[in-house]
2 protein chains.
Amino acid sequence: MNAGRTARERARAELTEEIKGAARRQLATVGAEALSLRAVSRELGMVSSALYRYFPSRDELLTALIIDAYDALGEAAEAAAGGDDLLAEWVAIYAAVRDWARAHPQEYALIYGSPISGYKAPQTTVEPAIRVPLLLLGLLQRAQASGRLSPPGDAPEPSGLLAQQTEVLVPLAPDVPPAVLVRTVIVWTQLFGMLSFELFGQLVGSMDPADEFFESASRQMAAFVGLT
Amino acid sequence: MNAGRTARERARAELTEEIKGAARRQLATVGAEALSLRAVSRELGMVSSALYRYFPSRDELLTALIIDAYDALGEAAEAAAGGDDLLAEWVAIYAAVRDWARAHPQEYALIYGSPISGYKAPQTTVEPAIRVPLLLLGLLQRAQASGRLSPPGDAPEPSGLLAQQTEVLVPLAPDVPPAVLVRTVIVWTQLFGMLSFELFGQLVGSMDPADEFFESASRQMAAFVGLT
DNA sequence: CCTTGTCAAGAGCACTGCTCTCGATTCTGT
DNA sequence: ACAGAATCGAGAGCAGTGCTCTTGACAAGG
């Protein structure tokens, strides 16, 4: 693990982690757009310009934080997977995603909120970003393999461009019928839409606190994709 | 309409609008968090401190823009309503919401993106914020009244706290059964989750462009709430 | 040992939101 | 019609920001 060769390299790796830690701590209190390199450097007892030895710009620091956040969320979700009851697993994944998001609202906003102005997400963020939908898709694939997936009869077959786009998802869950793949995307957008509404305050006054609504939604969405 | 009494008041109202216009224009290019009072004042050929005669702070300006955005979106959605075919109306509302959002991505991000750091939405934003869900709910109420609503049999009855929260929605659509009210909230979160994913780049690589996916989702969500 | 690369520090640039003061203008009550 | 009050834009200034460039100290490898 700690195979940093020279003392310099080890010191550099450690300091890089410390910077991210301080940045994450500040992120949690003031939010992403108010993240200040100078404040981070103050917390670490160094001068702001020294940070640029480790991150060439504020955006690069944000990118590192974004990737870390996607990975943390992905790990939290994957930790909730497993077990024999697929429906219980589905509901547990929903709950784990929500728990992580509520525990790290600013990091959630960083990855699912409005894009930072002038900031273009590099390709490296794509892979960690799709861990959760991939997890759901994998669950459905296992369900299909074990005969626990009953595609609802009213799920329309995708056609045209939509069918073409659905093709891309087939390798990820070869046995899941296309109609269910489309529904999985719908369900995926519903999950994070619901979460964003809760965290960003759109539900205040109606479904807040959203515990029971969230659980009900997770079960209804499971039924929607045919998971029983 | 233009009943500003004194010349001062008329000038003030006009300038207030001009400031919002310039701010909106800047918003569209640089985004919300990079909206600069000084840049707005420069565009208007005045000094930055003068803006504080019209908006006590940057946040107040943002609040005004937020309310305007909610209202613009609400109007766009309401303009798509009407007609005799309720299902077509439902799909048209979805399309209108999407069209507005894609035409005004920064204003959309302003209201449905991550909350601005340190900014607390005042109560005045609530009413314009719920115009779209209210529109959908009203449509379902009309559908129920004309017997066009067939609540799916598998829609679970809300219980406990969820049932209690659903009560709040009953006055808005008295004839719509509680199970459908819960589903309407689910559908509402799906709509804006899907839209946020498209606009914020989460769908790139899978369902982008999302035209066909969006239409399919709108129809499947209509069926989900029982609209035929 | 001694060159080479890396490091933190500091000064400085252009920008931000916001406050305060200062005259000038406009409105309002008499 | 005129005096006092309210409102206006302009300007200077404060504390903060991201970022760049230069300088001198230190460690790594030949």
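Let me begin with a definition: Ala, Val, Leu, Ile, Met, Phe, Trp, Tyr, Cys and Pro count as nonpolar, Asp, Glu, Lys and Arg count as charged, and the others, Gly among them, count as polar. With that in hand, please turn to the structure, which is a predicted model.

I start with the surface near DNA strand C. By class, this surface has eight nonpolar, six polar and seven charged residues. In total, 21 residues surround DNA strand C, and the closest are Met46(A), Ser49(A), Ala7(B), Ser49(B) and Arg58(B). Two or more residues of that surface come from each of helix 1 and helix 3 of chain A, and from each of helix 1, helix 2, helix 3 and helix 4 of chain B.

What surrounds DNA strand D? Here 21 residues do so, the closest being Ala7(A), Ser36(A), Arg58(A), Met46(B) and Ser49(B). The elements giving two or more residues are helix 1, helix 2, helix 3 and helix 4 of chain A, together with helix 1 and helix 3 of chain B. The classes near DNA strand D are eight nonpolar, six polar and seven charged residues.

Next, the overall build of chain A. Chain A has eleven helices and zero strands. Its C-alpha trace spans about 65 × 45 × 35 Å along the principal axes. Of the 228 residues in chain A, 43% are buried. Among the contacts in chain A with a separation of 6 or more, 70% are between residues 24 or more positions apart.

I now come to the place where the two protein chains touch. In this contact, 43 residues of chain B meet 42 residues of chain A. On the chain B side, helix 9, helix 10 and helix 11 each supply at least two residues. Which helix of chain B gives the most to this side? The answer is helix 10 of chain B, with ten residues. By class, the side of chain B that touches chain A has 24 nonpolar, 16 polar and three charged residues.

Let us move to the interior. In soluble globular proteins, nonpolar side chains tend to be buried together. The largest nonpolar core in this model has 138 residues, and those with the most contacts inside it are Val97(A), Leu140(A), Val97(B) and Leu140(B). Leaving out residues up to four places away in sequence, Val97(B) touches Leu73(B), Ala77(B), Val132(B), Leu191(B) and Leu195(B).

Three of those partners, Leu73(B), Ala77(B) and Val132(B), lead us to a pair of helices. Leu73(B) and Ala77(B) are among the residues of helix 4 of chain B that meet Arg131(B), Val132(B) and Leu135(B) in helix 8 of chain B. This contact divides into five nonpolar, one polar and two charged residues. The axes of helix 4 and helix 8 of chain B come within 9 Å and cross at roughly 25°. Angles under 35 degrees count as roughly parallel, and therefore helix 4 of chain B is roughly parallel to helix 8 of chain B.

Compare a pair in chain A. The axes of helix 9 and helix 10 of chain A come within 10 Å and cross at roughly 85°. Because angles of 65 to 115 degrees count as roughly perpendicular, that is the description for helix 9 and helix 10 of chain A. In this contact, Leu162(A), Ala163(A) and Thr166(A) of helix 9 meet Pro178(A), Leu181(A) and Val182(A) of helix 10. The residues there are five nonpolar, one polar and no charged.

Beside Pro178(A) in the sequence we find Ala179(A), also in helix 10 of chain A. Is Ala179(A) buried or exposed? A residue is buried if 20 or more other C-beta atoms lie within 10 Å of its own; Ala179(A) has 21 such neighbours and so counts as buried. Apart from neighbours within four places in sequence, Ala179(A) is in contact with Pro151(A), Ala155(A), Pro156(A), Glu157(A) and Pro158(A).

Burial is also found in a loop. Leu203(A) lies in the loop between helix 10 and helix 11 of chain A, and Leu203(A) is buried, with 21 other C-beta atoms within 10 Å. Its contacts beyond four places in sequence are Phe197(A), Glu198(A), Asp208(A) and Ala210(A).

I close with helix 6 of chain B, which is mostly covered, as seven of its eight residues are buried. Among them are Gln106(B), Glu107(B) and Tyr108(B). The buried residues of helix 6 pack against helix 1, helix 4, helix 5 and helix 10 of chain B.

Definitions and conventions:
Residues are numbered from 1 along each chain as its sequence is written. Chains are lettered from A and ligands numbered from 1 in the order in which they are written. This is a predicted model: local features need pLDDT of at least 70, side-chain atom pairs count only at pLDDT 80 or more; totals for chains, interfaces and linings use all residues. Axes are lines fitted to C-alpha atoms, for helices over the stretch in contact, and angles run from 0 to 180 degrees between N-to-C directions. Helices (H or I, at least four residues) and strands (E, at least two) are DSSP runs, numbered from the N terminus. Angles under 35 degrees count as roughly parallel, over 145 as roughly antiparallel, 65 to 115 as roughly perpendicular and the rest as oblique. Two residues are in contact if their C-beta atoms, placed from the backbone, lie within 7 Å. A residue is near a molecule or strand if its C-beta atom, placed from the backbone, lies within 6 Å of it. A nonpolar core is a set of buried Ala, Val, Leu, Ile, Met, Phe, Trp, Tyr and Cys residues joined through C-beta atoms within 7 Å. A residue is buried if 20 or more other C-beta atoms lie within 10 Å of its own, exposed if 12 or fewer, and partly exposed in between; C-beta atoms are placed from the backbone.
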